[in-house]
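Trainee: Could you take me through one part of this structure closely? I'd like to hear what it packs against, and then how the neighbouring pieces fit in.

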Amino acid sequence: MSTRCLICIWWKGGWYLAQYASHSGYPDGQGLHIFKFLIVPGNIEKLKIGLEGCVYEVTSDEAEEMSEMYPSLCGTTGAYVLTIIAGRATSKSNMAIPLQLNLEFANDSAFCEWAYVIDLDDEVLEIYRGSQRKTEENHRFKDVGEPRYRVPRLFCSFTFADLAEMKTEEVYVKRINEIREQKKDEVDDW
């Protein structure tokens with residue numbers, strides 16, 4: 001599937017990751033990989049350690065030049081970037097991981113079909129689908145792009161504790177499908 005999405009990490013009141021993923025952006029694709037990562041005991045702490053001192057931001061031009069050498073910059077890496085970052089917590093290598101903050105993709109209402117925000121401050125996974133006008137003052141993406149740009153629409157959210165209680169892929173996918181059914185008549189506010 002070529003459903004595109006954005007995978008983000010919010011921590012310490014700011015963006016640490018905004019990874020464009022070029023495929024399988026649905027909740028049972030990239031979203032499922034995120035779920036499986038977050039429910040593994042210790043992964044969240046490893047992710048924080050990896051983010052703390054083992055990553056650095058690159059420009060769009062640098063990312064384009066370096067993407068073949070660094071999977072962390074490649075659109076096909078998707079949610080696996082979480083494992084790459086968390087892996088730095090136990091790695092003996094002192095090589096930092098380059099990341100690109102691709103937040104402007106959140107404003108691309110035609111192509112950003114899903115967005116995932118791992119909020120390490122509030123311990124919540126937020127899942128966004130479609131788009132909306134910037135109308136809410138406290139919207140996660142309110143400061144991304146120009147005021148006239150659209151932003152992803154919140155689909156649902158789960159605390160990390162909720163995710164851990166789900167335990168299995170089947171329960172997670174079932175819950176997502178229930179929410180999809182409840183929201184099937186929602187349309188973007190053009």
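Mentor: Helix 2 uses its buried residues to pack against quite a list of elements: strand 1, strand 2 (14–21), helix 1 (30–38), strand 3 (55–57), helix 4 (80–87) and helix 5 (160–166). Keep in mind as we go that this is a predicted model. Which residues of helix 2 are buried? In this helix, which covers residues 43–53, they are Asn43, Ile44, Leu47, Lys48, Gly50 and Leu51. They span an arc of only 165° around the axis, so they sit on the same side of helix 2. If the spacing in that list looks odd, remember that an α-helix has 3.6 residues a turn, so residues three or four places apart point the same way.

Now pick out Glu45, which is also in helix 2. With a relative accessible area of 47%, Glu45 counts as partly exposed, because buried would need a value under 20%. As a sense of scale, the C-alpha atoms of Glu45 and Ala106 are 27 Å apart, with their positions 61 residues apart in sequence.

One of the partners of helix 2 was strand 1, so let's follow that one along. Strand 1 (residues 5–11) runs parallel to strand 5, and six bridges join the two. To find that pairing on your screen, look for Ile9, whose bridge partner in strand 5 is Ile118. Strand 5 has another neighbour too: six bridges join it to strand 6 (residues 124–132), this time antiparallel. There, Val117 has Glu126 as its bridge partner. Strands 5 and 6 make a hairpin with four residues between them, and Glu123 in the turn has a positive phi of about 55°.

How many of the six residues of strand 5 are buried? Six of the six, across residues 114–119, so strand 5 is largely enclosed by the rest of the structure. In a regular strand the side chains alternate between the two faces of the sheet. Here both faces are covered: Trp114, Tyr116 and Ile118 are buried on one side, and so are Ala115, Val117 and Asp119 on the other.

Trp114 also brings us to the aromatics, where the count is eight pairs. In one of them, Trp114 meets Phe155 with ring centres 5.3 Å apart and planes at 85°, so the pair is edge-to-face. Since Trp114 belongs to strand 5 and Phe155 to strand 7 (residues 151–159), the contact ties together parts that are 41 residues apart in sequence. Both of these residues are buried. Elsewhere, ring pairs link Trp10, Trp15, Tyr128 and Phe141 into a cluster. Lys12 also has an aromatic partner: its charged end sits over the ring of Trp11, 4.4 Å from the centre.

You'll probably want to know about the cysteines before you think about reducing agent. The disulfide count is zero. Cys5 is in none, as the nearest cysteine sulfur, in Cys112, is 7.4 Å away. Cys5 is buried as well, at 0% relative accessible area. Why is Cys8 not bonded to Cys112? The closest cysteine sulfur to that of Cys8 is indeed in Cys112, but at 7.9 Å it is too far for a bond. Cys8 is buried too, with 0% relative accessibility.

Methods: Residues are numbered from 1 along each chain as its sequence is written. This is a predicted model: local features need pLDDT of at least 70, side-chain atom pairs count only at pLDDT 80 or more; totals for chains, interfaces and linings use all residues. Side-chain values use heavy atoms; hydrogens and water are left out. Buried means under 20% relative accessible area, exposed over 50%, partly exposed in between (1.4 Å probe, protein chains only). Two strands pair if DSSP finds at least two bridges between them. A disulfide is a pair of cysteine sulfur atoms within 2.5 Å. The arc is that of the directions from the helix axis to the C-beta atoms. Contact means heavy atoms within 4.5 Å. Rings of Phe, Tyr and Trp (its six-membered ring) pair if their centres lie within 6.5 Å; planes under 30 degrees apart count as stacked, over 60 as edge-to-face and the rest as tilted. A charge sits over a ring if NZ of Lys or CZ of Arg is within 6 Å of the ring centre and within 35 degrees of the ring normal.
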